[in-house]
Protein chains: 2
Amino acid sequence: MLFRVDPASPQPLGDQIAASVRRAIAEGKVTPGERLPSARSLADSLGVNLHTVLRGYQRLREEGLIELRRGRGAVVVDDTSARGRASLMLRVRELVDQARELGLTEEEVVGLVREGLA
Amino acid sequence: MLFRVDPASPQPLGDQIAASVRRAIAEGKVTPGERLPSARSLADSLGVNLHTVLRGYQRLREEGLIELRRGRGAVVVDDTSARGRASLMLRVRELVDQARELGLTEEEVVGLVREGLA
DNA sequence: TCCTTGTTCGCATAGTAGTAGAACAACACG
DNA sequence: CGTGTTGTTCTACTACTATGCGAACAAGGA
């Protein structure tokens, strides 16, 4: 199963689906031009509603990552794989540098991040 | 007015208040030992409810940035690292938000940070 | 003591997410 | 061409969260 979802998470299911697809694109697991599973089938396999999947897909369309057309489904349009990751790594590096300046130990940094993730 | 809030934003008011105080601490606009406005007065001046402000304050206490005591109010932790930590918490929060949008799991985020620390 | 301030209740309201079902319109494909 | 697939749109309902509101309470300061 390519996409996953956690109903217990406070993050909305539609957002989780969008994030899951974003990640798949970023990691190259789905390539430009490739078709994503239809909203109905994905909704079925995830155990969520059709509209929920569509909400996620439409969000990705607004971001310019996929195209949606009736009868054809959702297709990846752009290869922006490295962009998101690069900007994320930049933030990680800023965070680490600043934490070092403050004299935090590695585990303290990890602890802060875990706290932020909670 | 030191703190502001946007009722039209999708971000919860309590979170906005916490972020606003975090920024003020990080930028040195409020210094360690300084008293923040009382929850009641801040709620009044922001036009929000007392509980909403308290929720933001309590979040900051969980992060170790302020202390809350009855009769005395909210005081910025008398620790020279408070400011740095506030700024660090901002970075952590930004990082976590972006990582979530990319669909990374918690352990992947922690892994990236560990990688950055190495 | 009196006043301030955070803490903790309970409850009401508004907005959002998710579910559900149905009909419809564009597209692919044999 | 016709048929099935797929996204689009609509309405309605439930559940949950954020916020608001009021009240009483507890700890602390002046």
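This is a short tutorial dialogue on reading helix packing, the chain contact and salt bridges in a predicted model.

Q: Let's start inside chain B. At what angle do H1(B) and H3(B) pack, and how far apart are their axes?

A: Look down the two axes and ask for an angle and a distance. Here helix H1 (residues 13-26) of chain B meets helix H3 (residues 50-62) of chain B at about 50°, and their axes are 8 Å apart. The two helices are therefore oblique to each other. As for handedness, H1(B) passes H3(B) in a right-handed crossing.

Q: Which residues of H1(B) and H3(B) make the contact?

A: On the H1(B) side you'll find B:Leu13, B:Gly14, B:Asp15, B:Ile17, B:Ala18, B:Val21 and B:Arg22. H3(B) brings B:Thr52, B:Val53, B:Gly56, B:Tyr57, B:Arg59 and B:Leu60. Sort the residues of this H1(B)–H3(B) contact by class and you get 7 nonpolar, 3 polar and 3 charged.

Q: H3(B) has another partner, H2(B). How do H2(B) and H3(B) pack?

A: Read that pair in the same way. Helix H2 (residues 39-46) of chain B packs on H3(B) at about 120°, with the axes 8 Å apart. Again the crossing of H2(B) past H3(B) is right-handed. B:Ala39, B:Arg40, B:Leu42 and B:Ala43 of H2(B) touch B:Leu50, B:Val53, B:Leu54 and B:Tyr57 of H3(B). The class split for H2(B) with H3(B) is 7 nonpolar, no polar and 1 charged.

Q: Now for the two chains together. How many residues does each chain give to the contact, and what area is buried between them?

A: Count residues, then look at area. Chain A gives 31 residues to the contact and chain B gives 32. About 3,200 Å² is buried between chain A and chain B, and carbon and sulfur atoms give 63% of that area.

Q: Where do H5(A) and H4(B) fit in, and how do their axes cross?

A: This is a helix pair with one member in each chain. The axes of helix H5 (residues 106-117) of chain A and helix H4 (residues 82-101) of chain B come within 9 Å and cross at roughly 55°. That makes H5(A) oblique to H4(B), and the crossing is right-handed. A:Leu112, A:Val113, A:Gly116 and A:Leu117 of H5(A) meet B:Leu88, B:Met89, B:Val92, B:Arg93, B:Val96 and B:Arg100 of H4(B). By class, the H5(A)–H4(B) contact has 7 nonpolar, 1 polar and 2 charged residues.

Q: What about charges: how many salt bridges are there between chain A and chain B?

A: Side chains of opposite charge can pair when their charged atoms come close. Between chain A and chain B the count is 5 salt bridges. One to click on is A:Glu94 with B:Arg91, where the closest N and O atoms are 3.5 Å apart.

Q: And over all chains, how many salt bridges does the structure hold?

A: The total is 15. Among them is a pair within chain A: the side chains of A:Asp15 and A:Arg59, at 2.3 Å from N to O. This pair links distant parts of the chain, with A:Asp15 in helix H1 (residues 13-26) of chain A and A:Arg59 in helix H3 (residues 50-62) of chain A, 44 residues apart.

Note on methods: Residues numbered from 1 in each chain as written. Chains lettered and ligands numbered in written order. Predicted model: local features only at pLDDT ≥ 70, side-chain atom pairs only at ≥ 80, totals over all residues. Heavy atoms only, no water. Axes fitted to C-alpha atoms, helices over the stretch in contact; angles between N-to-C directions. Helix = DSSP H or I, 4+ residues; strand = E, 2+ residues; numbered from the N terminus. Parallel < 35°, antiparallel > 145°, perpendicular 65-115°, else oblique. Left-handed = near helix turned anticlockwise from the far one by under 90°. Contact = heavy atoms within 4.5 Å. Nonpolar A, V, L, I, M, F, W, Y, C, P; charged D, E, K, R; others polar. Buried area = accessible area lost by both parts, 1.4 Å probe. Salt bridge = Lys/Arg side-chain N within 4 Å of Asp/Glu carboxyl O.
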